[in-house]
Amino acid sequence: MQHLIRTSDFSKEEILGIFDDAREFLKFEPNEILKGKIIVTLFFENSTRTRSSFEIAAKRLGAEVVSLDVGTSSTSKGETIYDTVANINAMKPDAIIIRHSECGLPESLTGYVDCPIINAGDGRHSHPTQAFLDLFTIYEHFNGETEGKKIAIVGDVRNSRVAGSNRRLLPRFGIDVSLIAPDCFKYESNDFKQYTNIREIIDELDIIMSLRSQLERHNLTYFESLNEYAKDYCITNELMGDRDILLLHPGPVNRNIDISDEMLKDKRCKVLEQVTNGVAIRAAILKKLILK
């Protein structure tokens with residue numbers, strides 16, 4: 001039995017196989033390969049895109065989805081999450097999808113289940129399905145020619161689990177990753193080139209991935225306002241000019257903080273394409289883990 005906790009759980013060959021399936025699922029044709037399967041979602045953090053994307057993916061493949069309201073679950077009565085998951089497992093679901101604020105929690109649950117666990121985001125650690133859909137968007141845009149492409153991940157790279165998963169995944173496909181952030185958001189590592197201002201390297205870039213400033217994960221707000229942050233880190237038409245650069249964002253986008261209104265309408269911006277790709281990628285992952 002295979003789980004998906006981090007991007008390294010899948011080999012490069014497995015990822016390319018997921019991409020092959022995702023291309024088929026992007027046709028959005030009727031498909032019932034998971035008919036009779038039951039998938040449980042446990043989201044202990046708020047989510048719109050990821051949760052709905054998984055649920056739509058599952059239902060497009062014919063599966064039934066049980067979305068548990070964790071606010072009224074037995075965990076609110078003092079039951080440990082381990083006992084909660086063990087009890088859910090005893091009901092014989094075919095997969096459990098979990099998001100939690102605690103880093104490492106989904107992995108710690110694998111010993112309590114007889115079905116695949118899929119990590120839909122754990123704290124600041126990992127968000128593997130988001131990284132796979134980001135890579136898929138890049139891969140399709142460049143017709144599979146990702147070797148030597150250069151990406152700047154811009155914003156709160158310290159706290160973003162999306163940044164964490166992408167900086168581990170993208171180099172496996174030959175993509176050169178640089179991190180752009182103010183000092184308060186910098187990732188403490190010497191493994192990647194880091195800059196304070198994107199203008200230092202924008203002429204070298206093929207891809208920009210803008211991030212949301214995750215103020216809920218900070219004890220202190222470094223900036224007096226997000227507008228101050230936006231002066232240097234918002235991706236605008238003026239910054240992009242006529243450069244042929246792919247623009248990504250995992251969502252939700254803080255308009256005119258992360259990306260300007262104008263750039264969100266620009267053909268180089270693939271934010272909504274990422275959302276569409278997310279359904280197909282998650283469908284492919286469900287197929288792989290449940291039918292294996």
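This report describes the two domains of a predicted model, the contacts between them, and a selection of residues and salt bridges.

## Two domains and their interface

The domain assignment divides the protein into domain 1, which covers 12-127 + 275-291, and domain 2, which covers 129-270. Taken over C-alpha atoms, the centres of domain 1 and domain 2 are separated by 26 Å. Between them, 25 residues of domain 1 are in contact with 24 residues of domain 2, and the area buried between the two domains is about 2200 Å², with carbon and sulfur atoms giving 56% of that area. On the side of domain 1, Phe19, Arg124 and His127 supply 30% of the area that this domain buries against domain 2, which is more than any other three residues.

The interface also holds polar pairs: 12 residue pairs are in polar contact across the boundary of domain 1 and domain 2, and the count of salt bridges between the two domains is 2. The elements that give two or more residues to the side of domain 1 that touches domain 2 are α1 (12-25), α2 (49-60), β3 (95-100), β4 (117-122) and α10 (271-291). Of the elements on this side, α1 gives the most, with 6 residues.

## Salt bridges

Side chains of opposite charge can pair when their charged atoms come close. In this model the count comes to 16 salt bridges, and the table gives a selection of them with the distance from N to O.

| Basic residue | Acidic residue | N to O distance |
|---|---|---|
| Arginine 23 | Glutamate 140 | 2.8 Å |
| Lysine 27 | Glutamate 24 | 3.0 Å |
| Arginine 158 | Glutamate 188 | 3.8 Å |
| Arginine 199 | Glutamate 238 | 2.8 Å |

Arginine 23 and glutamate 140, whose side chains meet in a salt bridge, also belong to a network of salt bridges in which Asp20, Arg23 and Glu140 are linked.

In the pair of lysine 27 and glutamate 24, lysine 27 counts as partly exposed at 47% relative accessibility, and glutamate 24 likewise counts as partly exposed, at 45%.

Arginine 158 and glutamate 188 form a salt bridge whose closest N and O atoms are 3.8 Å apart. Arginine 158 lies in the loop between β5 (150-154) and α6 (161-169), while glutamate 188 lies in the loop between β6 (176-180) and β7 (193-195), so the pair ties together parts that are 30 residues apart in sequence. Arginine 158 is partly exposed at 34% relative accessibility, whereas glutamate 188, at 72%, counts as exposed.

Arginine 199 and glutamate 238 form a salt bridge with their closest N and O atoms 2.8 Å apart, and this pair links distant parts of the chain, with arginine 199 in the loop between β7 and β8 and glutamate 238 in helix α8 (residues 237-240), 39 residues apart. Arginine 199 counts as partly exposed at 47% relative accessibility, while glutamate 238 is exposed, with a relative accessible area of 57%.

## Three residues in their surroundings

Threonine 129 is found in helix α5 (residues 128-141), and its relative accessible area is 0%, so this residue counts as buried. Leaving aside neighbours within four places in sequence, threonine 129 is in contact with Leu4, Phe54, Ile118, Ile281, Arg282 and Ile285.

Isoleucine 290 has its place in helix α10 and is likewise buried, with a relative accessible area of 12%, because buried means under 20%. Not counting residues up to four places away in sequence, isoleucine 290 touches Leu34, Lys37, Ile39, Asp94 and Ala95. With isoleucine 39, isoleucine 290 makes a pair that is 251 residues apart in sequence and 9.5 Å apart in space, C-alpha to C-alpha.

Arginine 212 comes with a record: the UniProt annotation "binding site", from an unreviewed entry, covers Lys77, Arg161 and Arg212. In the model, arginine 212 lies in the loop between β8 (207-210) and α7 (226-233). With a relative accessible area of 21%, arginine 212 is partly exposed, and, not counting residues up to four places away in sequence, arginine 212 touches Asp156, His249, Pro252, Asn254 and Asp258.

Technical notes:
Residues are numbered from 1 along each chain as its sequence is written. This is a predicted model: local features need pLDDT of at least 70, side-chain atom pairs count only at pLDDT 80 or more; totals for chains, interfaces and linings use all residues. Side-chain values use heavy atoms; hydrogens and water are left out. UniProt positions are given in the numbering used here, feature names are shortened, and annotations may be inferred rather than shown by experiment. Helices (H or I, at least four residues) and strands (E, at least two) are DSSP runs, numbered from the N terminus. Buried means under 20% relative accessible area, exposed over 50%, partly exposed in between (1.4 Å probe, protein chains only). Contact means heavy atoms within 4.5 Å. Domain bounds come from an automatic or database domain assignment. Buried area is the accessible area (1.4 Å probe) that two parts lose on being put together, summed over both. A salt bridge is a side-chain nitrogen of Lys or Arg within 4 Å of a carboxyl oxygen of Asp or Glu. A polar contact is a pair of N or O atoms within 3.5 Å; within protein, one must be able to donate a hydrogen and the other to accept it, and residues adjacent in sequence count only if both atoms are side-chain atoms.
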